[in-house]
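Trainee: I would like a close look at one part of this model. Please take a single helix pair and work outwards from there.

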Amino acid sequence: QVVAIIDTGVDKNHPFFSRKVVAEACFADPAGGNTSYCPEGAAQSFAPGSGAPCPDFGIICWHGTHVAGIAAGNYGVLTGSTGGIAPDAGVIAIQVFQSACSTCSRFAYDSDILAALDHVYSLRTTYSIASVNLSLGGDLYTSSCDAALPAYKTIIDNLRDAGIATVAAAGN
């Protein structure tokens, strides 16, 4: 089984992920002078290293690695009895953040997140994908948001029909 992590990227060289990252991608089409964190500033990339964390030592760029560790980190790295929820799972690392250095904020556009979800769906026959994780923050809703975000509903329905659970953080 494999879990897809759509976030700020995953440090595949961290001992938590030794030989776990099976695929990488980046979707960060820069808008309005923003900086893409994809290799060479591309709008998207599937090359090795594409799923690496955004290049900032601030905590936000390590969020994806943290989330991936919770999901699938190897046991025995921190202590013999700590590791991820699914320590035998592989990881698909997808980086979707970009930077607006006028404010030096980091964020992900819906269009990039949707492209990443579509990419996960496209990999469904290549990997046995159990879930896709979205711990991204964003708008607050007090009821169903299907009508407000129909493109998300469509791709998440497609993922569900393919047996891939979409896990979205609540209150993040």
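At what angle do the axes of helix α2 and helix α3 cross, and within what distance do they come?

Mentor: Keep in mind that this is a predicted model. Start with the geometry. Two packed helices are described by the angle between their axes and the distance between the axes. Helix α2 covers residues 110–122, and helix α3 covers residues 150–161. Their axes come within 10 Å and cross at roughly 15°. Angles under 35 degrees count as roughly parallel. The two helices, α2 and α3, are therefore roughly parallel to each other. The crossing of α2 past α3 is left-handed.

Now the side that each helix offers. From α2, the contact takes in D110, I113, L114, L117, D118, V120 and Y121. From α3 come A151, Y152, I155, N158 and L159. By class, the residues of this contact are nine nonpolar, one polar and two charged. One piece of background helps when reading such a list. An α-helix has 3.6 residues a turn, so residues three or four places apart point the same way.

Stay on α2 for another residue. H119 sits in this helix. The relative accessibility of H119 is 13%, so H119 counts as buried. Leaving aside residues up to four places away in sequence, H119 touches A25, F27, F46 and I94.

Two of those partners lead to the aromatic pairs. The structure holds three of them. F27 and F46 make one, in an edge-to-face arrangement. Their ring centres are 5.6 Å apart, with 75° between the planes. F27 belongs to strand β2 (residues 21–27), while F46 is in the loop between β4 (44–45) and α1 (63–72), so the pair ties together parts that are 19 residues apart in sequence. The two rings differ in cover. F27 is buried at a relative accessible area of 4%, whereas F46 is partly exposed at 46%.

Another pair joins F107 and Y109. Here the ring centres lie 5.2 Å apart and the planes stand at 90°, so this pair is edge-to-face too. F107 is partly exposed at 22% relative accessibility. Y109 is also partly exposed, at 32%.

Next, helix α1. Seven of its 10 residues are buried, so α1 is mostly covered. The buried residues are G64, T65, V67, A68, G69, A71 and A72. Their cover includes strands β1 (2–7), β5 (90–95) and β8 (129–134).

Finish in the loops. The loop between β1 and β2 holds S18, and R19 lies there as well. S18 is partly exposed, at 34% relative accessibility. Its C-alpha atom is separated by 11 Å from that of P87, although S18 and P87 are 69 residues apart along the chain. R19 is exposed, with a relative accessible area of 80%. The phi of R19 is near 60°, a positive value in a residue other than glycine. E40 deserves a look for its backbone too. E40 is not a glycine, yet its phi is positive, at about 60°. Its place is in the loop between β3 (35–36) and β4. At a relative accessible area of 89%, E40 is exposed.

To retrace the route: α2 meets α3 through a contact that counts nine nonpolar residues. H119 of α2 is buried and touches both F27 and F46.

Key: Residues are numbered from 1 along each chain as its sequence is written. This is a predicted model: local features need pLDDT of at least 70, side-chain atom pairs count only at pLDDT 80 or more; totals for chains, interfaces and linings use all residues. Side-chain values use heavy atoms; hydrogens and water are left out. Axes are lines fitted to C-alpha atoms, for helices over the stretch in contact, and angles run from 0 to 180 degrees between N-to-C directions. Helices (H or I, at least four residues) and strands (E, at least two) are DSSP runs, numbered from the N terminus. Angles under 35 degrees count as roughly parallel, over 145 as roughly antiparallel, 65 to 115 as roughly perpendicular and the rest as oblique. A crossing is left-handed if the near helix is turned anticlockwise from the far one by less than a right angle, and right-handed if clockwise. Contact means heavy atoms within 4.5 Å. Ala, Val, Leu, Ile, Met, Phe, Trp, Tyr, Cys and Pro count as nonpolar, Asp, Glu, Lys and Arg as charged, and the others, Gly among them, as polar. Rings of Phe, Tyr and Trp (its six-membered ring) pair if their centres lie within 6.5 Å; planes under 30 degrees apart count as stacked, over 60 as edge-to-face and the rest as tilted. Buried means under 20% relative accessible area, exposed over 50%, partly exposed in between (1.4 Å probe, protein chains only).
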